[in-house]
Amino acid sequence: MLEINGLVSHYGRIQALKGIDLAIAEGELVALVGANGAGKTTLLRCLSGVQPVTGGGIRFEGADLTRLPAERRVQLGIAQVPEGRQVFGPLSVEDNLRLGAYRRKGPDVAADLDRMYAMFPILKEKRALPAGTLSGGQQQMLAIARALMSHPRLLLLDEPSMGLAPLLVAEIFATIQALKDSGTTIFLVEQNAYAALAIADRGYVLETGTVVMHAAGADLLADQRVKEAYLGI
Ligand SMILES: Nc1ncnc2c1ncn2[C@@H]1O[C@H](COP(=O)(O)OP(=O)(O)O)[C@@H](O)[C@H]1O
Ligand SMILES: [Mg+2]
C-alpha cells in the first residue's frame, strides 16, 4: 500500500532522514520506534505532506505522493494524528469530530458520529463539553476518532502514548489493536517501543535518520540489541 524508497529530508543543512526504505501492506500495523530526535515525526510529516522531501520517493497505492500537496493526500485516504493530541480545546467534543468529516456533509456524518461514540463511549458522554476539559487520554481518543471520521485508508499515529499514565497507555494501545483488527492499516510511531512492538505485525528501528533494523514485531521484542537499547532489559 505504502512504499518509501531512499527518503531524505532536511531542516536547512541538517539531514534528518538519511535514506529511509520502508513499506506497509494493506491491513498491516507497522511500528516505527526510536529515541527522541531519531526522525520519527519528520518521517510522518513527509508522509502527510507538511515536510519537504529532498531525496527519494513515496508511493501510495501505486500513485507517486512525493510532491503531492497535503490536502490531496487526505483525499487519497491518509490521515495523521499529530504528536501532542492537538484537539481544538474551546470547541465541543462533537464539533471536533465533525471537523474530521469537514469534506462531507449529510446523513453519513451522523452515522460516523454514532460509530465513533460506539467505539469511544466516553466521547459520547462528554460530547457537548469543550474538548479542552477532557483528560489527556480522552483527548488522545478524540484525536484518533477525529482522524477516523475521514475514513482513512492509512492512519498515521505520532506517539499516541506520550505523556499518558500507564493505565491510559494500555487503553490507547488496546484501541489501536482494535482498529487494526477492524481492518484499518496503521503506521504507529512510538518511543514506547515495548508497547508498540507488542501489537505490531512488523517494526522498524530508527536511529538518527537511518533504519537500523526491521523485522516482525515479536522478533524485534526478542532481539538482544533492541532489549538493551530500547526496552531497558
Ligand atoms: N523544525 C525543526 N527545525 C530544525 N531541526 C528540527 C526541526 N524538527 C526536528 N528537527 C531535528 O530533526 C531531528 C529529528 O526530529 P524528529 O523528527 O522530531 O524526531 P523524533 O520524532 O524521532 O523525536 C532532530 O535532530 C531534531 O532536532
Ligand atoms: Mg516526534
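This report describes a predicted model, covering its ligand shell, helix α1, its nonpolar cores and several loop residues.

The model is predicted, so local features are given only at pLDDT of at least 70 and side-chain atom pairs only at pLDDT 80 or more, while totals for chains, interfaces and linings use all residues. Residues are numbered from 1 along each chain as its sequence is written, chains are lettered from A and ligands numbered from 1 in the order in which they are written, and side-chain values use heavy atoms, with hydrogens and water left out.

**Ligand shell**

The shell around ligand 1 consists of Y11, A16, A35, N36, G37, A38, G39, K40, T41 and T42; a residue belongs to it if one of its heavy atoms lies within 4 Å of the ligand. By class, four of these residues are nonpolar, five polar and one charged. In this scheme Ala, Val, Leu, Ile, Met, Phe, Trp, Tyr, Cys and Pro are nonpolar, Asp, Glu, Lys and Arg are charged, and the others, Gly among them, are polar.

The table gives polar contacts, meaning pairs of N or O atoms within 3.5 Å; within protein, one atom must be able to donate a hydrogen and the other to accept it, and residues adjacent in sequence count only if both atoms are side-chain atoms.

| Side chain (N or O atom) | Partner | Distance |
|---|---|---|
| N36 | oxygen atom of ligand 1 | 3.2 Å |
| K40 | oxygen atom of ligand 1 | 2.8 Å |
| T41 | oxygen atom of ligand 1 | 2.8 Å |

On its own, ligand 1 has 560 Å² of accessible area, and the protein covers 57% of that. Accessible areas come from the Shrake-Rupley method with a 1.4 Å probe; for residues, only the protein chains shown count as cover.

**Helix α1 and strand β2**

Helix α1 (residues 40–48) gives the most to the ligand shell, with three residues. Helices (H or I, at least four residues) and strands (E, at least two) are DSSP runs, numbered from the N terminus. Seven of the nine residues of α1 are buried, so the helix is largely enclosed by the rest of the structure. Buried means under 20% relative accessible area, exposed over 50%, and partly exposed in between (1.4 Å probe, protein chains only). The buried residues are K40, T42, L43, L44, C46, L47 and S48. After α1 comes G49, whose phi is positive, near 95 degrees.

A16, a member of the ligand shell, is found in strand β2 (residues 14–24). At 13% relative accessibility, A16 counts as buried. Leaving out residues up to four places away in sequence, A16 touches S9, H10, Y11, A38, G39, T42 and G209, where contact means heavy atoms within 4.5 Å. A16 and T210 are 194 residues apart in sequence, yet their C-alpha atoms are 8.9 Å apart.

**Nonpolar cores**

A nonpolar core is a set of buried Ala, Val, Leu, Ile, Met, Phe, Trp, Tyr and Cys residues joined through side-chain atoms within 4.5 Å. The largest one has 48 residues, of which L155, I176 and L188 touch the most other members. Helix α6 (residues 136–148) supplies the largest share of this core, seven residues. A second, separate core of 26 residues includes L2, V30, L65 and L206. Not counting residues up to four places away in sequence, the contacts of L188 are L29, V30, A31, L32, L157, P160, F173, I176, A196 and I199.

**Loop residues**

Two residues other than glycine have positive phi values: H151, near 55 degrees, and E159, near 50 degrees. H151 sits in the loop between α6 and β7 (154–158) and is partly exposed, with a relative accessible area of 44%. E159 lies in the loop between β7 and α7 (166–181) and is buried at 5%.

S92 is in the loop between β6 (78–81) and α3 (93–99). S92 counts as buried at 15% relative accessibility, and, residues up to four places away in sequence aside, S92 touches R127, A128, L129, P130 and A131.

D223 lies in the loop between α9 (217–222) and α10. D223 is buried, with a relative accessible area of 18%, and its side chain reaches the backbone nitrogen of R225 at 2.8 Å.

In the segment after α10 (224–231) is G232, which is exposed, with a relative accessible area of 70%. G232 and Y194 are 38 residues apart in sequence and 9.7 Å apart in space, C-alpha to C-alpha.
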